[in-house]
Amino acid sequence: MSYSSFENNGSGTAGPTNEADFQKLAQTIATSIQKILQNVSSMQRMVNQFGTAQDSPELKQQLHQIRTYTQRLITDTTNLLNELINCKERHLKIQRDRLVDEFTAALTAFQSVQRKTVDLEKNAVRQARGASGAVLNKPPGGGSSNHSSMGSYGNSHNHSSSSNAFEDNFVSQRGGQTQEQLQEEIDLQALENQEQTIRELEENIVSVNEIYKKLGALVYEQSHTVDSIEASVEHTSVFVAEGVQQLKQASHYQNKARKKKLILALIAASILAVIILLIIIRH
């Protein structure tokens with residue numbers, strides 16, 4: 001295949017210059033698409049474990065890693081497809097369009113699992129915030145009453161015993177409050193991490209939607225260009241056929257004119273011969 005079978009894609013990247021390069025690039029894209037689908041399947045299994053006994057921070061970290069890798073793979077595959085978009089041969093265009101369809105299906109599956117993850121994460125955040133609010137709004141667990149009881153109890157016992165009991169109770173309350181504060185900080189950090197994950201997922205969804213638009217625009221532009229070329233070829237064929245037909249008609253008319261001239265010449269010759277014959281007879 002000659003270099004003219006491919007056009008410059010105008011993206012600043014070097015596309016294939018012959019069919020061998022095209023097939024090599026197409027194989028790379030097909031492998032990437034299969035890897036995306038495998039990753040999506042793994043992500044789906046992980047998401048299905050949310051809220052179960054298998055759910056854990058390690059599971060979500062693993063999901064985050066595979067999601068990030070898949071997002072990068074999608075971006076790279078988009079760039080590779082962009083290099084194939086300007087092929088001119090019909091059988092290569094068919095192969096390219098099939099790859100675009102398969103890639104679009106993989107993107108759809110990836111978007112689906114991302115949206116499901118967003119929904120589950122948002123629901124978990126709402127539940128966690130609700131539980132946190134209930135704990136924060138809970139009335140004190142009787143520290144004041146214990147202190148009051150200690151005071152009353154001290155009225156009936158000596159001053160030393162009352163002081164020791166008060167100090168023990170104060171230290172116990174302080175320790176409990178510190179543990180509660182640490183747990184609240186841990187829960188708050190977990191909520192912030194979940195919200196950050198949600199923001200990243202939503203950004204990824206928007207990014208993939210942009211890829212959808214770019215693919216659609218590129219395919220439409222190339223299809224429109226190809227249709228215009230094919231239409232021009234068809235119009236040219238029509239014009240050539242009409243020209244041939246007109247030439248045939250002109251040739252037909254020319255032949256008829258020649259026949260008319262020949263007949264007229266024969267008639268004129270016959271008339272001239274008759275006139276000459278009459279003159280000879282009279283003399």
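**Helices, a surface patch and two salt bridges**

UniProt, in an unreviewed entry, lists residues 262-281 as "transmembrane region". The model discussed here is predicted.

Me: Which secondary structure does the span 262-281 have, and how far apart are its end C-alpha atoms?
Reply: The record's "transmembrane region" covers residues 262-281. In the model this span is 100% helix and 0% strand. Its end C-alpha atoms lie apart by 28 Å.

Me: How many helices and strands does the protein have?
Reply: From the N terminus on, the elements run α-α-α-α-α. Strands number zero. The helix count is five.

Me: In which helix is Ile 275 placed?
Reply: Ile 275 falls within the span 262-281 that UniProt lists. The helix that holds Ile 275 runs over residues 159-282. That is helix α5.

Me: Is Ile 275 buried, partly exposed or exposed?
Reply: Buried means under 20% relative accessible area, and exposed means over 50%. Ile 275 has 42%, so Ile 275 falls between these limits. The class is partly exposed.

Me: What accessible area does the nonpolar patch with Ile 275 have together?
Reply: The patch lies on the surface. Its members are Ile 263, Leu 264, Ile 267, Ile 271, Ile 275 and Ile 279. Together they have about 570 Å².

Me: Which residue forms a salt bridge with Asp 97?
Reply: Side chains of opposite charge can pair when their charged atoms come close. For Asp 97 the N to O distance is 2.8 Å. The limit is 4 Å, so this pair counts. The partner is Arg 96.

Me: Which class, buried or exposed, does Arg 96 belong to?
Reply: Its partner Asp 97 is partly exposed, at 27% relative accessibility. Arg 96 has 3%. The limit for buried is under 20%, so Arg 96 counts as buried.

Me: How many residues apart are Glu 210 and Lys 213?
Reply: Their side chains meet in a salt bridge, 3.8 Å from N to O. Glu 210 is partly exposed at 38%, and Lys 213 is exposed at 56%. Both lie in helix α5, about one turn of the helix apart. The spacing is three residues.

Me: How many salt bridges are there by this rule?
Reply: One joins Asp 97 and Arg 96. Another joins Glu 210 and Lys 213. The count is two.

Me: Over the ring of which residue does the charged end of Lys 60 sit?
Reply: A search of the whole structure finds zero aromatic pairs. A charge does sit over a ring, though. The charged end of Lys 60 is 5.1 Å from the ring centre of Phe 50.

Conventions. Residues numbered from 1 in each chain as written. Predicted model: local features only at pLDDT ≥ 70, side-chain atom pairs only at ≥ 80, totals over all residues. Heavy atoms only, no water. UniProt positions renumbered as here; feature names shortened; annotations may be inferred. Helix = DSSP H or I, 4+ residues; strand = E, 2+ residues; numbered from the N terminus. Patch = residues over 30% accessible without salt bridge, like charges linked within 9 Å, V, L, I, M, F, W, Y side chains within 5 Å. Areas by Shrake-Rupley, 256 points an atom, 1.4 Å probe, with all protein chains shown as cover. Buried < 20%, exposed > 50% of the residue type's maximum accessible area, 1.4 Å probe, protein only. Phe/Tyr/Trp six-rings, centres within 6.5 Å; stacked < 30°, edge-to-face > 60°. Lys NZ or Arg CZ within 6 Å of the ring centre and 35° of its normal.
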